[in-house]
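Student: I would like a close look at one part of this model, namely its open sheets. Please describe how the strands are arranged and paired, and then set that part in its surroundings.

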Amino acid sequence: MTHAPHIAPAVSQALPGNRLPSGEDLVEVKHLVKYFPVRGGLLQRVVAWVQAVEDVSFSIKRGETLGLVGESGCGKTTVGRTLLRLIPATRGEVLFEGRSVFEANARELKALRRDMQIIFQDPFSSLDPRMPVGESIGEGLLVHGMHSRRERFDIVIETLRKVGLEDYHARRYPHEFSGGQRQRIGIARALALRPKFIVCDEPVSALDVSIQAQVLNILNELQSEFDLTYLFIAHNLSVVEHISDRVAVMYLGKMVELADRGELYRNPLHPYTQALMSAIPIPDPTLKRDRIILKGDVPSPLRPPSGCRFHPRCPVALEHCAREEPEFREVSAGHFVACWRVE
């Protein structure tokens, strides 16, 4: 049987989020690693490992929105689901209000689940088609000990109103709603328990542009009203710029850049971030942006490249980039990057 590759302990250093001006860390992710086994042969033995997330560290302040961006398959969703312990981590540590999520027993984890929720990407498959949406929204309340049917109903109705739906919608089934309405129901279900932290896993990627704006405005309003903290996962950089306080960029399971939103969009340092920024459309036909076209395909996470994982596609790669992996380090106040080119 093939064992998961060994990772040498990382050098102790301050996490990227620790130098923000104000607020305490609500969530801390330290050296998170997640490998998925690949099985083959008659006995279905493990023959390889998909290195989905490799040594990712960051923190999120209370009341902050951290945007997490990157190409499809870079590990964004895996980070979100792993830090909530929806899937087990291979290595690493996640702290929520100083408490270890991975070391929590069943009782402690149930209590943590009330404070940590998720909005799934697909607003249809995440809802039970045989259950009225009111029951779906109130199910978490029942699981967490609110046995009074009347109290649950009152919270469900209040939450539906918060996301712009009507009272009678509670009796309807998921197939009776549009995509935007279903995503609002998903938001209402995450909000019903009044959590402190919500992972938003591409919550608007499946929606029309006009509906995206409505959902983003709802998320902003709810954050202000309930002092919510978001990890906002997306691949649309315009959406991330609209909603995030800080933005982290991932490539092939690694964090390559992390900075304040304004700083990152004004001064992207990593070549991959620069290429992503060059692809953002400008809503002015008289202006033209110089596109950076990356060559080649994204390497397989089964056999990631040596050194910097981006070097096979990097337009400014050095010979050194193929041999040694760059450190994810702070190059200016609150701006972290992993690139040999950046001094």
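Tutor: In this predicted model, one open sheet is built from four strands in the order S2-S1-S4-S5, with antiparallel pairing. Strand S2 (45–61) and strand S5 (99–100) each have a single partner strand and stand at the edges, so one side of each is left without a neighbour in the sheet. As a general matter, the strands of a sheet pair through backbone hydrogen bonds, in either the parallel or the antiparallel sense.

Within this sheet, S1 and S4 are joined in the antiparallel sense over five bridges. One residue pair places this contact in the sequence: Val27 has Phe96 of S4 as its bridge partner. On its way to the edge, the sheet continues from strand S4 (residues 91–96) to S5, and these two strands pair in the antiparallel sense over two bridges. Here Leu95 has Ser100 of S5 as its bridge partner. The hairpin of S4 and S5 has two residues between the strands, and Glu97 takes a positive phi near 50 degrees in it. Helix H1 (residues 76–83) lies across strand S1 (25–40), S2 and S4, and runs at about 115 degrees to S1.

A further open sheet has eight strands, in the order S6-S7-S8-S3-S9-S10-S12-S11, and its pairing is mixed. Its edge strands are S6 and strand S11 (329–332), each of which pairs on one side only. From one strand to the next, the twist averages 20 degrees. A parallel pairing is found between strand S7 (residues 197–201) and strand S8 (residues 229–233), which are joined by five bridges. In that pairing, Asp201 stands opposite Ile233 in S8. Helix H6 (residues 209–226) packs on the eight-stranded sheet, where it touches strand S3 (65–69), S6 and S8, and its direction makes about 155 degrees with that of S8.

Edge strand S6 also leads to the second largest pocket. This pocket holds about 470 Å³ of space. The elements giving two or more residues to its lining are helix H2 (106–115), strand S6 (116–119), helix H3 (133–143) and helix H5 (179–191). H3 supplies the largest share, five residues. In total 22 residues line the pocket, and those nearest its centre are Arg113, Gln117, Ile118, Gly140 and Leu193. By class, the lining comprises 12 nonpolar, five polar and five charged residues.

Enclosed space is a separate matter. One cavity of 30 Å³ or more is found in a search of the whole structure. The largest cavity holds about 70 Å³ of space. Among the residues that line it are His270, Cys308, His311, Cys314, Cys321, Cys339 and Trp340. Its lining divides into eight nonpolar residues, two polar and one charged.

Finally, the confidence of the prediction should be considered. The chain has a mean pLDDT of 87, and 93% of its residues reach 70 or more. Over residues 5–22, however, the pLDDT is below 50, although this stretch has 37 contacts in the model beyond near neighbours in sequence. Where pLDDT is low, the predicted coordinates should not be read in detail.

How values were computed:
Residues are numbered from 1 along each chain as its sequence is written. This is a predicted model: local features need pLDDT of at least 70, side-chain atom pairs count only at pLDDT 80 or more; totals for chains, interfaces and linings use all residues. Side-chain values use heavy atoms; hydrogens and water are left out. Two strands pair if DSSP finds at least two bridges between them. Contact means heavy atoms within 4.5 Å. Axes are lines fitted to C-alpha atoms, for helices over the stretch in contact, and angles run from 0 to 180 degrees between N-to-C directions. On a 1 Å grid over the protein atoms alone, a cavity is a set of points where a 1.4 Å probe fits but cannot get out, and a pocket is an open set with protein on both sides within 12 Å along at least five of seven lines; lining residues have an atom within 4 Å of a point. Grid points are joined across faces, edges and corners, and a volume is the space filled by probe spheres set on the points. Ala, Val, Leu, Ile, Met, Phe, Trp, Tyr, Cys and Pro count as nonpolar, Asp, Glu, Lys and Arg as charged, and the others, Gly among them, as polar. pLDDT is the predictor's confidence in each residue, from 0 to 100.
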